[in-house]
Amino acid sequence: MRSAKVIQQMTSDDVVMGCLPLFHVFGLVVGLNAATIAGASLALIPRFDPQAAVEVIEKERVTIMQGVPTMYAAILNHPASDGMDASSLRTCASGGSAMPLEVMRSFEEKFGCVILEGYGLSETSPVASFNMPDKERKPGTIGLAIPGCEMRCVDLDGNEVPHGEVGEIAIRGDNVMKGYWNKPEATAEAIPDGWFRTGDLATMDDEGYFTIVDRKKDMILRGGMNVYPREVEEVIYTHPDVLEVAVVGIPDDLYGEQVGAAVALREGSTTTPEDVITFTKARIAAYKYPRTVWVVDALPKGPTGKILRREVHAPAE
C-alpha cells in the first residue's frame, strides 16, 4: 500500500469522493482501503448520482475524486455543475474503462483540475499502471507500470512486440492474483508463463507509457481490416451533441462485420443518426466509420457505471 500513497499522494488532510461501490475492487482498495491507511476522510454517497456528487464535492470540500469516465461525463453535463465550486479538487483519478479525451479536456477546462488516468483489473488488485502525479502526464495513455509491477505488450506466442506496435497487455508482479478459485485450467490459460494475460490490446511508447487500443474480444473485423471501437468512439465523442457512445460490430454478409454505433444525445438535440455518420466519416478512415447509428436514451452500464458494450445491440430493423 506504500506505492498506492505515492501514486495518489493521499494524506490525512484529504477528502476522497466515495462514489464508487465498495463491493468493487476499485472503490474498495483505491478508495476505502487507501483512505483508511492514509487517515483521509471518505465522503460516501449510497449510489452515484451527478446531483449528489456535485453537492458532496462542494459541501465536503473534496480534494480527490475517483471514478469511471461515465461519472465524469455525467457531472460535466449536469446543470447543477455549471455553478459548482470545485476549487478544492486537486486530483481526479479515472479507471475502469478508457477516458474519452474530449470528456477529459472539457472536465479539466470547466473545473480547473487534473484527471490522471490509470489501468487495472480485479486480478491485479487492481491498479497496474497510472499517470503518476510526480511524473509527466500523457493524456490518452494509462501511464506507467506502478512500483512492484511489470507490464509489456505481447503477441499470440507471448513474445514482446516492438514499441509502438499493438499487443496484448501482460502483467506480473506482487499485485497479480495467484489464480482463479478452484479453476486450474482458467488460471493456466490466464497465466501461462508467469505473466497474466489481460485481454486488453495496447501499445507502449519508448518511455514506457501504455495506450489502450481496445479489448481483444471487442475488435471488429470488417472485410479483413481491424477496427478498434475505442478509436471510433473518440471521434464520435467530439460531436457537440453526443453524451455517450458505444461502437460495436454488426454481422454483415459481405464484410463479415460492419461498424455500428449507439449514441445518447443531449436533451433537445435535433442531431440525426445520419448526421453522426457524416460527422464521423469526415474525420476517420473510410473503412472505420459506422454504417449504422441508432439513438438510445442511455447506454447499459455495470455497477461502477462502466458502459457495457456486450449488452449493446443494433435494432432489429
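Reader: What makes strands 14, 15 and 16 an open sheet?

Author: This is a predicted model, and in it the 3 strands line up in the order 14-15-16. The pairing is mixed. Strand 14 (242-252) and strand 16 (292-295) stand at the edges. Each has a single partner strand, so one side of each is left without a neighbour in the sheet. Neighbouring strands here are turned against each other by 25° on average, direction ignored.

Reader: How do you know that strand 15 and strand 16 are paired?

Author: Pairing takes at least two bridges between two strands. Strand 15 (residues 256-265) and strand 16 have 4 bridges, and they run parallel. The count meets the cut-off, so the two strands count as a pair. One example is Ala262, whose bridge partner in strand 16 is Trp294.

Reader: Which helices lie across these strands?

Author: Helix 7 (residues 229-236) lies across strand 14 and strand 15. Its direction makes about 140° with strand 14. Helix 8 (residues 273-281) lies across strand 15 and strand 16, at about 135° to strand 16.

Reader: Why is helix 7 called largely enclosed?

Author: Buried means under 20% relative accessible area. Of the 8 residues of helix 7, 7 are buried, so the rest of the structure largely encloses this helix. The buried ones are Pro229, Arg230, Val232, Glu233, Glu234, Val235 and Ile236.

Reader: Is Gln258 buried or exposed, and how do you know?

Author: Gln258 sits in strand 15. Its relative accessibility is 11%. The cut-off for buried is under 20%, so Gln258 counts as buried.

Reader: What does Gln258 touch?

Author: Leaving out residues up to four places away in sequence, Gln258 touches Ile220, Arg222, Val248, Gly249, Ile250, Asp252 and Arg291. Take Arg222: it is 36 residues from Gln258 along the chain, and the two C-alpha atoms are separated by 5.8 Å.

Reader: Why is Asn77 put in the class it has?

Author: Asn77 lies in helix 4. Its relative accessibility is 29%. Buried needs under 20% and exposed needs over 50%, so Asn77 falls in between and counts as partly exposed. Not counting residues up to four places away in sequence, Asn77 touches Leu243 and Arg266. Leu243 is 166 residues away along the chain, yet the C-alpha atoms of Asn77 and Leu243 are separated by 8.0 Å.

Reader: Which elements line the second largest pocket?

Author: The second largest pocket has a volume of about 690 Å³. Of the 28 residues that line it, Phe48, Pro50, Thr70, Ala74 and Lys301 are the closest to its centre. Helix 4 (69-77) and strand 14 are the elements that give two or more residues to the lining. Helix 4 has the largest share, with 5 residues.

Reader: How many residues of each class are in that lining?

Author: The lining has 16 nonpolar, 7 polar and 5 charged residues.

Reader: What makes strand 10 largely enclosed?

Author: All of it is buried. Strand 10 (residues 196-204) has 9 of 9 residues in that class, so the rest of the structure largely encloses this strand.

Reader: How do you know which strands pair with strand 10?

Author: Count bridges again. Strand 9 (residues 167-173) and strand 10 run antiparallel and are joined by 4 bridges. Strand 10 and strand 11 (residues 210-215) are also antiparallel, with 5 bridges. At least two are needed, so both pairings count. Ala170 stands opposite Arg197 in strand 10. Asp200 stands opposite Arg215 in strand 11. The hairpin of strand 10 and strand 11 has 5 residues between the strands, and Gly208 takes a positive phi near 90° there.

Reader: Which way do the residues of strand 1 point?

Author: In strand 1 (residues 15-18), Val15 and Met17 point one way, while Val16 and Gly18 point the other way. All are buried. Strand 1 is joined to strand 2 (residues 41-44) by 4 bridges, and the two run parallel. Ala43 in strand 2 is the bridge partner of Met17.

Reader: What do the buried residues of helix 5 pack against?

Author: They pack against helix 4, strand 4 (91-94) and strand 5 (114-120). The buried residues of helix 5 (residues 101-111) include Val103, Met104, Ser106, Phe107, Glu108 and Phe111. Just after helix 5, Gly112 takes a positive phi of about 65°.

Definitions and conventions. Residues numbered from 1 in each chain as written. Predicted model: local features only at pLDDT ≥ 70, side-chain atom pairs only at ≥ 80, totals over all residues. Heavy atoms only, no water. Axes fitted to C-alpha atoms, helices over the stretch in contact; angles between N-to-C directions. Contact = heavy atoms within 4.5 Å. 1 Å grid on protein atoms, 1.4 Å probe; cavity = no way out; pocket = protein on both sides within 12 Å on 5 of 7 lines; lining within 4 Å. Points joined across faces, edges and corners; volume = space filled by probe spheres on them. Nonpolar A, V, L, I, M, F, W, Y, C, P; charged D, E, K, R; others polar. Buried < 20%, exposed > 50% of the residue type's maximum accessible area, 1.4 Å probe, protein only.
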